[in-house]
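Here's a walk through one protein model, written for someone who likes to follow along in the viewer. Have the structure open and turn it as you read.

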Amino acid sequence: MAKNFTKTEMLADTATHYCPGCTHGIIHRLVAEVLEELGVMDRSIAVASVGCSVLSYDYFNCDGIESAHGRAPAVATGVKRMHPDKVVFTYQGDGDLASIGMAETVHVAARNENITIIFVNNAIYGMTGGQMAPTSLPGMVTTTTQDGKISMNESGPIKVSEMLSQIDGPAHISRVSVHDIKHMIKAKNAIKEAFKCQIEGRGFSMVEVLSTCPINWNKTAEESLHWLKDNMIPTFPLGAFKGGAK
């Protein structure tokens, strides 16, 4: 019988620690496939954040470093400057990147550091119990907003991709989703373009990936995919904000 699918060698044979229905695993696979297809597996270095993705270095067959909460971009900067021939990327959630790590993110982009950030946005703090995040939607129920997120001026969440796209430095900034096959393919293309920016020395790149959190959203895996499509995408429009795929 012909084999129709072979797992990328960039993914380690590690049992998942993610909750049922979480789309982190899909994003891991897309990143791993891209790095293998670009032929840079042997010179890639992953920098893990604090949050649901705290063990992300266990899933990639490359060197990995754990950073303090929010400091992954700063750590990645140091690694890349010491090893400019390596392909250095961070893997971060919205609670990590858009809150405690916002300053690091903004200044890495402003300096146009030649690194790549994979930014997973599920609009909530996942690992620590489902608290409100900077990316939480208005009215969203979390453990710290049990009657729904209230904004004094009815403003929405922080839109990191739009914000960073106003900075002159970055080479590529895009937002994608993995709620269905069509969008997974688009997400992979964006991730590949982001890594190409680094490999070709064009500078800072970031791909924001809209993701699900069934447990903390209090939904089934299927319901979460529909909720992402119907609620997150209208709030966080998809597309390339800087340097679309070539």
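What follows goes from the sheet to the helices that pack around it. Keep in mind that this is a predicted model.

## The sheet

Let's start with the strands. Seven of them make up an open sheet with mixed pairing, and the order across it is β2-β1-β3-β4-β6-β5-β7. The edges belong to β2 (63-66) and β7 (239-242); each has a single partner strand, so one side of each is left without a neighbour in the sheet. On average, neighbouring strands are turned by 20° against each other, direction ignored.

## Strand β3 and its partners

Now pick out β3, residues 87-93. Is this strand buried or exposed? Mostly covered: seven of its seven residues are buried. That goes for both faces, with Val87, Phe89, Tyr91 and Gly93 on one side and Val88, Thr90 and Gln92 on the other.

On one flank, β3 pairs with β1 (residues 44-48) in the parallel sense, over five bridges. To find the register, look for Val47, whose bridge partner in β3 is Thr90, and for Ala48, which stands opposite Tyr91. The pairing of β3 with β4 (residues 116-121) is also parallel and runs over five bridges. There, Phe89 has Thr116 of β4 as its bridge partner.

## Helices on the sheet

Which strands does α1 touch? This helix packs on the sheet against β1, β3, β4 and β6 (205-210), and its direction makes about 170° with that of β3. With angles over 145 degrees counted as roughly antiparallel, α1 therefore runs roughly antiparallel to β3. Helix α2 packs on the sheet too, touching β1, β2, β3 and β4, and its direction makes about 175° with that of β3.

## α1 against α6

Besides its sheet contacts, α1 (residues 24-37) has a helical partner in α6 (residues 181-199). The two axes come within 9 Å and cross at roughly 50°. That makes α1 oblique to α6, and the crossing is right-handed. On the α1 side, the residues in contact are Ile26, Leu30, Val31, Glu33, Val34, Leu35 and Glu37. They meet Met184, Ala187, Lys188, Ile191, Lys192 and Phe195 of α6.

Gly25 also lies in α1. This glycine is partly exposed, with a relative accessible area of 36%. Its C-alpha atom is separated by 9.8 Å from that of Ser56, and the two residues are 31 apart along the chain.

## The buried side of α4

Finally, swing round to α4 (residues 102-110), where the buried residues are Met102, Glu104, Thr105, Val108 and Ala109. Why do they sit on the same side of the helix? They cover an arc of only 165° around the axis, which puts them on the same side of α4. As background, an α-helix has 3.6 residues a turn, so residues three or four places apart point the same way.

What covers those buried residues? The cover includes α2 (72-82), α3 (94-100) and α5 (160-164). Just after α4, have a look at Asn112: this residue takes a positive phi of about 55°.

Definitions and conventions: Residues numbered from 1 in each chain as written. Predicted model: local features only at pLDDT ≥ 70, side-chain atom pairs only at ≥ 80, totals over all residues. Heavy atoms only, no water. Buried < 20%, exposed > 50% of the residue type's maximum accessible area, 1.4 Å probe, protein only. Helix = DSSP H or I, 4+ residues; strand = E, 2+ residues; numbered from the N terminus. Arc of directions from axis to C-beta. Contact = heavy atoms within 4.5 Å. Pairing = 2+ DSSP bridges. Axes fitted to C-alpha atoms, helices over the stretch in contact; angles between N-to-C directions. Parallel < 35°, antiparallel > 145°, perpendicular 65-115°, else oblique. Left-handed = near helix turned anticlockwise from the far one by under 90°.
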